[in-house]
Amino acid sequence: MKRIARFHKVSMEQFAAVMREEFPEYSEEEVRNAYEAVRLPVRATKGSAGYDFCSPFAFSLAPGASVKVPTGIRAEMEEDWVLKLYPRSGLGFKYRLQLNNTVGIIDSDYFFSDNEGHIIAKITNDSLEDKTLKIRAGEGFIQGIFLEYGITVDDDASGIRNGGFGSTTKR
(Lines give C-alpha, C1' and ligand atoms only; values in the text may rest on other atoms or scores of the structure.)
Protein backbone atom coordinates (compact mmCIF):
# COMPACT_ATOMS: atom_id res chain seq x y z
CA MET A 1 0.00 0.00 0.00
CA LYS A 2 1.16 3.50 -0.80
CA ARG A 3 0.87 5.99 2.04
CA ILE A 4 0.03 9.18 0.19
CA ALA A 5 -2.28 11.25 2.37
CA ARG A 6 -3.10 12.56 5.82
CA PHE A 7 -6.38 13.85 7.24
CA HIS A 8 -6.50 17.02 9.35
CA LYS A 9 -9.23 18.93 11.14
CA VAL A 10 -10.09 22.36 9.80
CA SER A 11 -9.86 25.26 12.22
CA MET A 12 -12.64 25.95 14.68
CA GLU A 13 -13.28 29.24 12.84
CA GLN A 14 -13.78 27.51 9.48
CA PHE A 15 -16.04 24.83 10.96
CA ALA A 16 -18.10 27.40 12.89
CA ALA A 17 -18.58 29.57 9.79
CA VAL A 18 -20.14 26.67 7.88
CA MET A 19 -22.23 25.57 10.87
CA ARG A 20 -23.61 29.11 11.33
CA GLU A 21 -24.56 29.18 7.63
CA GLU A 22 -26.13 25.71 7.48
CA PHE A 23 -27.43 25.30 11.05
CA PRO A 24 -28.16 28.78 12.44
CA GLU A 25 -30.27 27.24 15.20
CA TYR A 26 -27.17 25.76 16.87
CA SER A 27 -25.76 27.73 19.81
CA GLU A 28 -22.05 28.61 19.99
CA GLU A 29 -21.66 25.89 22.62
CA GLU A 30 -23.33 23.29 20.38
CA VAL A 31 -21.07 24.30 17.49
CA ARG A 32 -18.01 24.04 19.74
CA ASN A 33 -19.16 20.60 20.98
CA ALA A 34 -19.66 19.43 17.38
CA TYR A 35 -16.17 20.66 16.47
CA GLU A 36 -14.65 18.83 19.41
CA ALA A 37 -16.49 15.68 18.26
CA VAL A 38 -14.83 15.76 14.80
CA ARG A 39 -12.87 12.54 14.33
CA LEU A 40 -10.37 11.94 11.57
CA PRO A 41 -11.63 9.36 9.04
CA VAL A 42 -10.42 5.78 9.53
CA ARG A 43 -10.76 2.46 7.75
CA ALA A 44 -12.81 -0.12 9.66
CA THR A 45 -10.66 -3.10 8.68
CA LYS A 46 -7.26 -3.64 7.10
CA GLY A 47 -9.02 -4.77 3.90
CA SER A 48 -11.28 -1.71 3.68
CA ALA A 49 -10.67 0.67 0.78
CA GLY A 50 -12.84 3.44 2.20
CA TYR A 51 -12.18 5.82 5.07
CA ASP A 52 -15.36 6.42 7.05
CA PHE A 53 -16.32 10.05 7.61
CA CYS A 54 -18.40 10.43 10.77
CA SER A 55 -20.91 13.15 11.43
CA PRO A 56 -19.85 15.44 14.29
CA PHE A 57 -23.50 15.90 15.27
CA ALA A 58 -26.79 14.02 15.05
CA PHE A 59 -29.28 14.75 12.30
CA SER A 60 -32.38 13.28 10.66
CA LEU A 61 -33.16 13.36 7.00
CA ALA A 62 -36.73 12.80 5.80
CA PRO A 63 -37.33 11.17 2.41
CA GLY A 64 -36.57 13.66 -0.34
CA ALA A 65 -34.76 16.04 2.03
CA SER A 66 -31.17 17.24 1.67
CA VAL A 67 -28.60 18.59 4.10
CA LYS A 68 -25.07 20.00 3.85
CA VAL A 69 -22.91 18.35 6.50
CA PRO A 70 -19.63 20.07 7.42
CA THR A 71 -17.27 17.21 8.24
CA GLY A 72 -14.60 19.38 9.86
CA ILE A 73 -12.06 17.41 7.79
CA ARG A 74 -9.51 18.33 5.14
CA ALA A 75 -7.30 15.92 3.19
CA GLU A 76 -3.63 16.54 2.44
CA MET A 77 -2.45 14.22 -0.33
CA GLU A 78 0.32 13.83 -2.81
CA GLU A 79 -0.08 15.33 -6.27
CA ASP A 80 -1.58 12.90 -8.85
CA TRP A 81 -4.01 11.51 -6.27
CA VAL A 82 -7.67 12.26 -5.66
CA LEU A 83 -10.05 11.48 -2.81
CA LYS A 84 -13.42 10.23 -4.08
CA LEU A 85 -16.41 10.38 -1.73
CA TYR A 86 -19.40 8.05 -1.73
CA PRO A 87 -22.28 7.30 0.65
CA ARG A 88 -21.53 4.45 3.02
CA SER A 89 -22.79 1.31 1.31
CA GLY A 90 -25.37 0.30 3.90
CA LEU A 91 -26.97 3.75 3.94
CA GLY A 92 -27.15 3.78 0.16
CA PHE A 93 -28.77 0.36 0.22
CA LYS A 94 -31.27 1.08 3.03
CA TYR A 95 -32.14 4.73 2.29
CA ARG A 96 -30.84 5.39 -1.21
CA LEU A 97 -28.62 7.97 0.45
CA GLN A 98 -27.02 10.01 -2.34
CA LEU A 99 -24.31 12.61 -2.54
CA ASN A 100 -25.89 15.44 -4.50
CA ASN A 101 -22.99 15.58 -6.93
CA THR A 102 -23.09 11.74 -7.25
CA VAL A 103 -19.38 11.30 -6.41
CA GLY A 104 -17.43 13.87 -4.45
CA ILE A 105 -14.06 14.69 -5.99
CA ILE A 106 -11.46 16.16 -3.64
CA ASP A 107 -8.42 17.27 -5.64
CA SER A 108 -4.97 17.44 -4.05
CA ASP A 109 -4.80 21.23 -4.39
CA TYR A 110 -8.13 21.75 -2.59
CA PHE A 111 -6.19 21.42 0.69
CA PHE A 112 -4.70 24.89 0.09
CA SER A 113 -7.99 26.77 -0.58
CA ASP A 114 -9.10 29.73 1.51
CA ASN A 115 -11.72 27.50 3.14
CA GLU A 116 -8.85 25.23 4.29
CA GLY A 117 -10.06 22.47 1.98
CA HIS A 118 -13.03 21.82 4.26
CA ILE A 119 -14.90 18.75 3.01
CA ILE A 120 -18.63 19.45 3.10
CA ALA A 121 -21.02 16.72 1.98
CA LYS A 122 -24.43 17.60 0.60
CA ILE A 123 -26.53 14.47 0.88
CA THR A 124 -30.12 13.53 0.01
CA ASN A 125 -32.31 10.79 1.42
CA ASP A 126 -33.73 9.48 -1.85
CA SER A 127 -35.82 6.78 -0.13
CA LEU A 128 -38.69 5.37 -2.14
CA GLU A 129 -39.93 3.53 0.96
CA ASP A 130 -40.71 6.58 3.14
CA LYS A 131 -37.78 5.88 5.51
CA THR A 132 -36.29 8.71 7.56
CA LEU A 133 -32.51 8.50 7.87
CA LYS A 134 -31.20 9.11 11.39
CA ILE A 135 -27.48 9.63 11.87
CA ARG A 136 -26.09 9.74 15.40
CA ALA A 137 -23.17 11.97 16.35
CA GLY A 138 -20.01 10.00 15.59
CA GLU A 139 -21.70 7.69 13.09
CA GLY A 140 -20.19 7.18 9.65
CA PHE A 141 -22.29 8.46 6.75
CA ILE A 142 -19.89 8.82 3.79
CA GLN A 143 -16.66 7.10 2.83
CA GLY A 144 -13.61 8.30 0.96
CA ILE A 145 -11.26 6.33 -1.28
CA PHE A 146 -7.89 7.63 -2.50
CA LEU A 147 -7.10 6.88 -6.14
CA GLU A 148 -4.15 7.70 -8.32
CA TYR A 149 -4.90 9.33 -11.68
CA GLY A 150 -3.07 10.20 -14.88
CA ILE A 151 -3.14 13.12 -17.30
CA THR A 152 -2.80 13.44 -21.08
CA VAL A 153 0.68 13.76 -22.59
CA ASP A 154 -0.12 17.24 -23.93
CA ASP A 155 -1.64 18.59 -20.69
CA ASP A 156 -0.39 22.05 -19.74
CA ALA A 157 -2.77 23.04 -16.93
CA SER A 158 -1.20 25.71 -14.75
CA GLY A 159 -4.17 27.26 -12.94
CA ILE A 160 -4.24 27.69 -9.18
CA ARG A 161 -7.31 26.60 -7.21
CA ASN A 162 -8.93 28.79 -4.59
CA GLY A 163 -12.25 27.41 -3.55
CA GLY A 164 -14.56 24.48 -3.85
CA PHE A 165 -17.52 23.88 -6.15
CA GLY A 166 -16.98 25.41 -9.57
CA SER A 167 -13.70 27.09 -8.64
CA THR A 168 -11.69 25.36 -11.37
CA THR A 169 -13.97 26.67 -14.14
CA LYS A 170 -13.70 30.33 -13.07
CA ARG A 171 -11.05 31.57 -15.50
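For the charge count used here, Lys and Arg are positive and Asp and Glu negative, while His and the chain ends are left uncounted. Each charge is placed at NZ of Lys, CZ of Arg, CG of Asp or CD of Glu. On this basis the protein chain carries 22 positive and 25 negative charges, and the mean positions of the two sets are 7 Å apart. The structure is a predicted model, in which local features need pLDDT of at least 70 and side-chain atom pairs count only at pLDDT 80 or more, whereas totals for chains, interfaces and linings use all residues. Residues are numbered from 1 along each chain as its sequence is written, and side-chain values use heavy atoms, with hydrogens and water left out.

We can start with the overall fold. The protein chain contains 3 helices and 11 strands, where helices (H or I, at least four residues) and strands (E, at least two) are DSSP runs numbered from the N terminus. Read from the N terminus, the order of these elements is β-α-α-β-β-β-β-β-α-β-β-β-β-β. The radius of gyration of the protein chain is 16 Å, close to the 16 Å from the globule rule for 171 residues, so the chain is as compact as a globular protein of that length. Here the radius is taken over C-alpha atoms, and the rule is 2.2 Å times the number of residues to the power 0.38. The C-alpha trace spans about 50 × 35 × 35 Å along its principal axes.

Next come surface and contacts. The accessible surface of the protein chain is about 10300 Å², with 49% of it belonging to carbon and sulfur atoms; such areas come from the Shrake-Rupley method with a 1.4 Å probe, and for residues only the protein chains shown count as cover. Of the 171 residues, 40% are buried, with buried meaning under 20% relative accessible area, exposed over 50%, and partly exposed in between (1.4 Å probe, protein chains only). Among contacts in the protein chain with a separation of 6 or more, 77% are between residues 24 or more positions apart, a contact being heavy atoms within 4.5 Å.

The interior deserves a visit of its own. The largest nonpolar core holds 37 residues, and Leu83 and Ile123 touch the most other members; a nonpolar core is a set of buried Ala, Val, Leu, Ile, Met, Phe, Trp, Tyr and Cys residues joined through side-chain atoms within 4.5 Å. Beyond its neighbours within four places in sequence, Ile123 is in contact with residues including Phe59, Leu61, Val67, Val69, Leu97, Leu99, Phe141 and Ile142. Helix 1 (residues 12-22) has buried residues at Gln14, Phe15, Ala16, Val18 and Met19. Their cover includes helix 2 (28-36), strand 4 and strand 9 (120-125).

Two backbone positions stand apart from a general trend. Most residues other than glycine have a negative phi. Thr102, however, has a positive phi of about 70 degrees without being a glycine. Thr102 sits in the loop between strand 7 (97-99) and strand 8 (104-107) and is exposed, with a relative accessible area of 58%. Glu116, also not a glycine, has a positive phi of about 70 degrees; this residue is in the loop between strand 8 and strand 9 and is partly exposed at 21%.

Several residues link parts of the sequence that are distant along the chain. Tyr86, in strand 6 (residues 81-87), is partly exposed at 26% relative accessibility. The C-alpha atoms of Tyr86 and Thr102 are separated by 7.6 Å, with their positions 16 residues apart along the chain. Outside its neighbours within four places in sequence, Tyr86 is in contact with Leu99, Val103, Ile142, Gln143 and Ile145.

Ser108 belongs to the loop between strand 8 and strand 9 and counts as buried at 11% relative accessibility. Not counting residues up to four places away in sequence, Ser108 touches Met77, Glu78, Glu79 and Trp81. Its C-alpha lies 7.8 Å from that of Ala75, 33 residues apart in sequence.

Two alanines complete the picture. Ala58, in the loop between strand 2 (51-54) and strand 3, is partly exposed at 46%; Ala58 and Gly138, 80 residues apart in sequence, are 7.9 Å apart C-alpha to C-alpha. Ala62 is found in the loop between strand 3 (59-61) and strand 4 (66-70), and its C-alpha is separated by 36 Å from that of Tyr149, 87 residues apart along the chain.
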